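Thanks for making the time this morning. I would like to walk through one model with you, beginning inside it and working outward to the strands.

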Amino acid sequence: MGGAASSQLDEARSAYIRGKTEAVLKNFSPYYKRQHAVAFCGHVRRQVEQQREAASQLLKAKPPLEPGTVLYEAELTQFAEDIKKWKDRYIVVKNDFAVESYESREAYQKGAAPRTRVLPVGGKVFTSQAEYSLLADRHFPDPAASGEKETPQPLVALPKEFPVVLWQPFLRHGFFCFAEAAAQKRFSAVLSDCIRRLNHDLTKQTTFEAQAFLAAVQFFHQEKGHYGSREMITGDEVQALSSLVMEELLPALQADLLPTMKGKRSDRKRAWFGLLEEAFHLVQRQVAEGLRGLKEECRALTEGLEGRVRADMDQIANSEDFLAGKIEAMVAQPAEQSCAESVRPFLASILEELLGPVSSGFEAVRSLFEEEVDALGRSFQNTKDGDQLKEHLDGLLRLPLDAVKMEACYREAAPLQEQLQDLNSRFRFPHVDLVVQRAQNYMQELMGNAAFTFTQLLAPHLQGEPARAAAAIEKVKLRVLKQYDHDSSTVRRKIFQEALVQITLPTVQKALAPTCKPELQKFEQLIFADHAHMIHVENVYEDILHQLVLREALKVIQEAAMQKKHNLFDDSVALPSESVSSLTDLKTPTGSKPASPARRASAASPGALGSEGSGTSGQAEGQVQPGRNGQGAPVGPDHDAVAPVEGAAELGTAGHPGDPEPASGSLRELRELLAESAPVVYQDTEGEAPGAPENEEEEEENAPGCTAHSEATAPDVDQGAHSEAGSVEVPAACGADPQPGPEGPAQDPSEKDLQARASAQDAQEGGEAVGAGPSEDWLPMESQGAQAAGSVGAEEAQVPGAHTAQWEVEAAPDPDGTETGGGQGTPPEQPSE
């Protein structure tokens, strides 16, 4: 019915569509120009302040695939719309996630152009004609349906038993058929994978242009009274904006064209879908051209802004902070009331529904990875064939792209769509499927990172004897699983945080809009005329509401982590962040001594590791960035929802007030993992037997560049003495800055003080008892006074520029149950770069 559809979209209707598209572009342009300037200013500010995210993962990120990598290719039966017949076609899907159809395999290999090329953005996949027909009927509001007596017929008669239907809202639907269920399952899984990746193509981008577009769409919708539309954006900018145009066009097209259609219901339905496709292509062409011109105009404007932004950065930042304070004072009371009534009571229950399915999906990914590695290890144990092992490792790297195997993991998160159905009525949030897809994308990403990290850590051991390689496979697998547990917790917290804010923020925005938005205009006078392009009152207002809801979301997530739900790691226990490169770049110096137990404990303690990218200096107050331990945590004095809890620095506890239970096994293993972050290296010396070392201490070594020796840690102290004196912390302070102690910041020592402290350290290394604590000359002045008064606690101190050992001795409890000294202070901050 393509001809019928084309004839109905005559020149008059085409002109109407072009006019409507031009009107939408004209209305959208001011929003985009405004947000482009604001996003550009933020981009330059991050460059000037050298803001960067802290390391938030332990697994090494898998490099992107080469362009043109083929993910799927097979010959199958496809319904050809142009000739209205089923034809055998060769289907190819590459890593741009477009479904290409060729006449034959030979035509594809010769480089012929595809007959059809479809990007399945916003699509749905069906393996049942009945399920597809139900959805298709909902999108075909036939005015003649009430008077018809005919039984609904399928749009296409199936030539084979196993169909796959690709439904898209504004395009003709794709029909495919298979003779076997396995082939049907594989193709449907590949299509679902493409849809997931394409739907979030824009939202995963971090460029300021993408952020400007997303913000512009949000404000564009809010002006029409629609809130929460940001999560509706799927595909790239052209596809997203074209969909917005089609949503405005759809009522007029339905009223104008549906009553004029004649013939059977199935024929009218196919003609309607063909008409929508033609209209959508017309809109896309015009939107692409309009956006191209709009972006060129914005780039010209920002070129003139850059010099002014860099010159006035301090003044711009101060003006924005002052404006934020004024607006926050105005909205604080109504925003808090709205949050208390409409958001806070429901956050915990929403999170509870999210926790189970999402965590089950990530656990399924972990199990699948472990099963594949175990199978790889068993095969190598039997064959001792290095070439076959390398083939299996290549297969492991392709595991995230194996749509069938990964589909079993993705299904674990699918129940969310049923469990959160009431969100549509309570919060007007009908897009749970996009939350599920985002979680599934993270699952695929983590699987890729785990497989890549495993191959990287195992690579140095593949050149030696097979027995050593077999032992290394198990050793490396356990290490990667520990790293996966940490990254899984970090990623899931991010998913929950995003979902809770997306679901509940529109409720607060809508509640405050009638009273607060009209008041925003009076704050315009607080902005200097020169800064009018860089600061906008609406953006500051939206950021304040976002931070309010975000704080509430972080509180319930942190509470779930403190209760150890679904293996979420507690954010108040500050784990040091390892840079990703350290997993493979830390080499073991020949002849270096193994670290002592005290040294190993210090390497995992808060403040002991100043890894690159772990600092938070230069970040704006209130900005949510990954914290010292890799978790998403707000930075700034106003965000205390996930602040480190007193006593969390002690390695043996979970860090919760009143929680005497020891930390979970996985958390303890992570601390050990961070202390042993160098790759496993087995030296073939003195007839050493192949395989793993007898104990963990044999593989603990100092990182290159650190001159602090393990002798300073007094490794021969017994556990009883260690228990009586308290925990001892010896950070690997390679060029670290002085850290503030519990009593206040460390004083700048004089030359004489430096010499005295160095002498005291030499005496300590010469054999002083650990239990006696550090000498008085080595302590800060405040601690010396406390020790003279009979206090047991010892303050910590560091000498700038010297690689010294740092002792932290917990105070013994007083008879009244209280403790004294530095042991109860908040964990020391990470050394800045």
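Let me start with phenylalanine 454, which, if we set aside its neighbours within four places in sequence, is in contact with Phe369, Val373, Leu393, Leu396, Ile473, Val476, Lys477 and Val480. I should say at once that this is a predicted model, and everything I describe should be heard with that in mind.

Phe454 also belongs to a wider group, since the largest nonpolar core has 149 residues, and Phe454, together with Trp272 and Ile327, is among those with the most contacts inside it. The element that gives the most to this core is helix α16, residues 466-516, with 19 residues. There is also a second, separate core of 22 residues, which includes Phe97, Phe178, Phe187 and Ala403. As background, nonpolar side chains in soluble globular proteins tend to be buried together.

Next comes helix α9, residues 313-342, which has 30 residues, although its end C-alpha atoms are only 38 Å apart, short of the 44 Å that a straight helix would reach at 1.5 Å a residue. Where does α9 bend? The bend, of about 50 degrees, is at valine 331, and a proline, proline 334, follows within four residues. Val331 is itself buried, as are other residues of α9, including Met313, Ile316, Leu323, Ile327 and Cys339. The buried residues of this helix pack against α2 (11-48), α8 (265-311), α10 (344-383), α16 and α17 (537-562).

Let me turn to the strands, where β1, residues 70-80, and β2, residues 85-94, run antiparallel and are joined by ten bridges. Within that pairing, phenylalanine 79 stands opposite tryptophan 86 in β2. The two strands form a hairpin with four residues between them, and lysine 84, in the turn, has a positive phi of about 55 degrees. On to strand β3, residues 99-102, which runs antiparallel to β2 and is joined to it by four bridges, with isoleucine 91 opposite serine 101. This hairpin, too, has four residues between its strands, and here phenylalanine 97 takes a positive phi near 65 degrees; Phe97 is the residue I mentioned earlier as part of the second core.

Finally, a word on cysteines: how many disulfides does the structure hold? The count is zero. Cysteine 409 has a relative accessible area of 3% and is therefore buried, and cysteine 516 likewise counts as buried because its relative accessibility is 3%, the cut-off being under 20%.

Key. Residues are numbered from 1 along each chain as its sequence is written. This is a predicted model: local features need pLDDT of at least 70, side-chain atom pairs count only at pLDDT 80 or more; totals for chains, interfaces and linings use all residues. Side-chain values use heavy atoms; hydrogens and water are left out. A disulfide is a pair of cysteine sulfur atoms within 2.5 Å. Buried means under 20% relative accessible area, exposed over 50%, partly exposed in between (1.4 Å probe, protein chains only). A nonpolar core is a set of buried Ala, Val, Leu, Ile, Met, Phe, Trp, Tyr and Cys residues joined through side-chain atoms within 4.5 Å. Contact means heavy atoms within 4.5 Å. The expected span of a helix is 1.5 Å times one less than its number of residues. The bend at a residue is the angle between axes fitted to the seven residues ending there and the seven starting there. Two strands pair if DSSP finds at least two bridges between them.
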